[in-house]
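Here is a short report on one protein model. Take a look at the fold before reading on.

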Amino acid sequence: MLPAYHRRVLLHFSLALLSSVLLALTFPRFALFFLAPIALAPLLFALARTHDAWQRAIYGWAAGILYWALLCHWIHFVLQVYGGMGVWGGWGCFVLFALYKGLHLAFFSWLAGPLMSRAYAIPAIAALWTGLERTHESFGFAWLDLGNAGISMSLPVRLAPYIGVYGISFVFAMVGAAVACVLLRRPRTWLLPLIVLVGLWALPPIPENMPATRTAVVVQPDVPTDAEWTDLLQERTEQHMVLLSEAIPGPLVIWPEMPAPLYYFDDPTFHNMADQVAIDHGYLLFETVSYTAKNQPLNSAVLLGPKGQEIGKYDKIHLVPFGEYVPRFFSFVNRITKEAGDFVPGKEVKVLSAGKDKLGVFICYESAFPDLVRQFTKKGAGVLVNLSNDGYFGHTDAHRQHLLIARMRAVENRRFLIRATNDGITAVIDPGGTVVKALRPYQELAAPVHYGVVHQTTFYARHGDWFAWGCLIVGVGLGLWNLRRKAE
């Protein structure tokens, strides 16, 4: 039989991993959103009973590694199949990814233990979690935040137009800390901070059934991501995009991000084809390669007008690691696309005007950056458009995860959001985060979709992530102060 100390360590380690599993079950494929408010409780219970700081960090690191491995299991598939790394190379880089991403939860756990012994444990833990969650945007790979699980919860989601997804994360972390305090038999007075949650009822409900009076044609070509791109195949694909577009009338045609780059500014034949689509319909929005003054390639969204003229262009700011650039310390990793490692980021958020409609167009992975998307709205965009190629995800859960992220952007900004993707999920999301129309994935389709234009800006769109950054300062500050007190 194991000694008491070893049994205790095993119990705490198991509780930390249980939180990982609960967090992963919260999101697609399982989408058990109701688990979000309690998912952190087992980990926090274990941290409160662990006095050694490094032991807490190890628990957190193990939990973080398992969580990111479960949530983003599709990454090894991307690297193996499309990165050309083979089985062992794909798994090796996937393990490195999980080890790196797990450090966030290790740092959280290192600081959270002492906070769980304070009367202000519930708001302090919530602030620490929320603040560190905001740093995912700044350090490497942003994806699902805990608050994304609240997209269909009528009360927590009311916070999104005011303080973004991070406000919902704060609520869920508060509840998780409260559950842990109850299990630890902390004084009932420690639960008093939960009173602030009553304020959720005072916030306006998320609007429903907003009018959708505009029409666009979205094209989902379902182009194979693993095709061997020759000049002939490229030309046939471009011609087919035109045929799909011409099959349905509509004033605005939207093409997705494609597996093979389009070269509007280099290829006269494609240039003329795209111009003609715009002339026939009114406007054409598509993704193409453009160039800086120094001839460096950019991943750009271009809008053409009724005369086939270029109206505006937005250059992608947040590039995909390993897809559009290779991080400096991972130069040994094969490129997922032939252009990867060559693209440079854009520098300016631009709104594109299609007649009276102002479009906030962001490309693929940029939907995971709330602060970027809200700047389009702040600059006057009345509708949001996401051009994406999710084909590199294969038939994995990442498609639904990406859609879930986009739904939160619609709520934060109170805008209709049109997603045009290569193989799905092509959809229209209303300002309440509801998918009002979705095309069948993995099929070649073109369809008319209806959307509306909203002109009022939300508090979050105007003021950004002040709440999340404030949480980072308060949470880390209190954590370090209590860690020092514990050591004295």
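This report covers a sheet, its helices, some unusual backbone spots and the empty spaces.

The model is predicted. Keep that in mind throughout.

**The sheet**

Six strands build an open sheet. Their order is β6-β7-β8-β9-β10-β11, and the pairing is mixed. Strands of a sheet pair through backbone hydrogen bonds, either parallel or antiparallel. The edges belong to β6 (352–354) and β11 (435–438). Each of these two has a single partner strand, so one side of each lacks a neighbour in the sheet. From one strand to the next, the twist averages 25°.

How many bridges join β10 to β11? There are three, and the two strands run antiparallel. β10 spans residues 427–429. One pairing can be named: Ala427 has Ala438 in β11 as its bridge partner.

**Helices on the sheet**

Helix α11 (residues 370–378) packs on this sheet. It touches β7 (357–363) and β8 (383–388). The direction of α11 makes about 165° with that of β7. Helix α12 (residues 398–413) lies across β8, β9 (417–421), β10 and β11. α12 runs at about 155° to β9.

Is α11 mostly covered or mostly open? It is mostly covered, with seven of its nine residues buried. The buried residues are Pro370, Asp371, Leu372, Val373, Arg374, Phe376 and Thr377. Gly380 follows α11, and its phi is positive, near 110°.

**Unusual backbone spots**

Most residues other than glycine have a negative phi, and most peptide bonds are trans. The places below depart from that pattern.

| Place | Feature | Value |
|---|---|---|
| Pro28 to Arg29 | cis peptide bond | omega near 25° |
| Gly424 to Ile425 | cis peptide bond | omega about 5° |
| Asn209 | positive phi | phi near 55° |
| Cys364 | positive phi | phi near 50° |

Each place can be located in a loop. Arg29 sits in the loop between α1 (4–26) and α2 (41–48). Ile425 is in the loop between β9 and β10. Asn209 belongs to the loop between α8 (165–183) and β1 (214–220). Cys364 lies in the loop between β7 and α11.

Which of the words buried and exposed fits Asn209? Asn209 counts as exposed, because its relative accessibility is 74% and the cut-off for exposed is over 50%. Cys364 has a relative accessible area of 9%. That is under 20%, so Cys364 is buried.

**Empty spaces**

Rolling a probe the size of a water molecule over the atoms shows where empty space is left. A search of the whole structure finds one cavity of 30 Å³ or more. The largest cavity holds about 220 Å³ of space. Its lining has 16 residues. Nearest its centre lie Tyr67, Trp68, Trp129, Glu133 and His136.

Which helices supply at least two residues each to this lining? They are α3 (53–71), α5 (86–115) and α6 (121–134). α5 gives the most, with four residues. By type, the lining of the largest cavity divides into ten nonpolar, three polar and three charged residues.

Now for a pocket. The second largest pocket has about 270 Å³ of space. It is lined by 16 residues. Ile206, Pro207, Glu208, Gly432 and Thr434 lie nearest its centre. The lining of this pocket holds six nonpolar, six polar and four charged residues.

Notes
Residues numbered from 1 in each chain as written. Predicted model: local features only at pLDDT ≥ 70, side-chain atom pairs only at ≥ 80, totals over all residues. Heavy atoms only, no water. 1 Å grid on protein atoms, 1.4 Å probe; cavity = no way out; pocket = protein on both sides within 12 Å on 5 of 7 lines; lining within 4 Å. Points joined across faces, edges and corners; volume = space filled by probe spheres on them. Nonpolar A, V, L, I, M, F, W, Y, C, P; charged D, E, K, R; others polar. Pairing = 2+ DSSP bridges. Axes fitted to C-alpha atoms, helices over the stretch in contact; angles between N-to-C directions. Contact = heavy atoms within 4.5 Å. Buried < 20%, exposed > 50% of the residue type's maximum accessible area, 1.4 Å probe, protein only.
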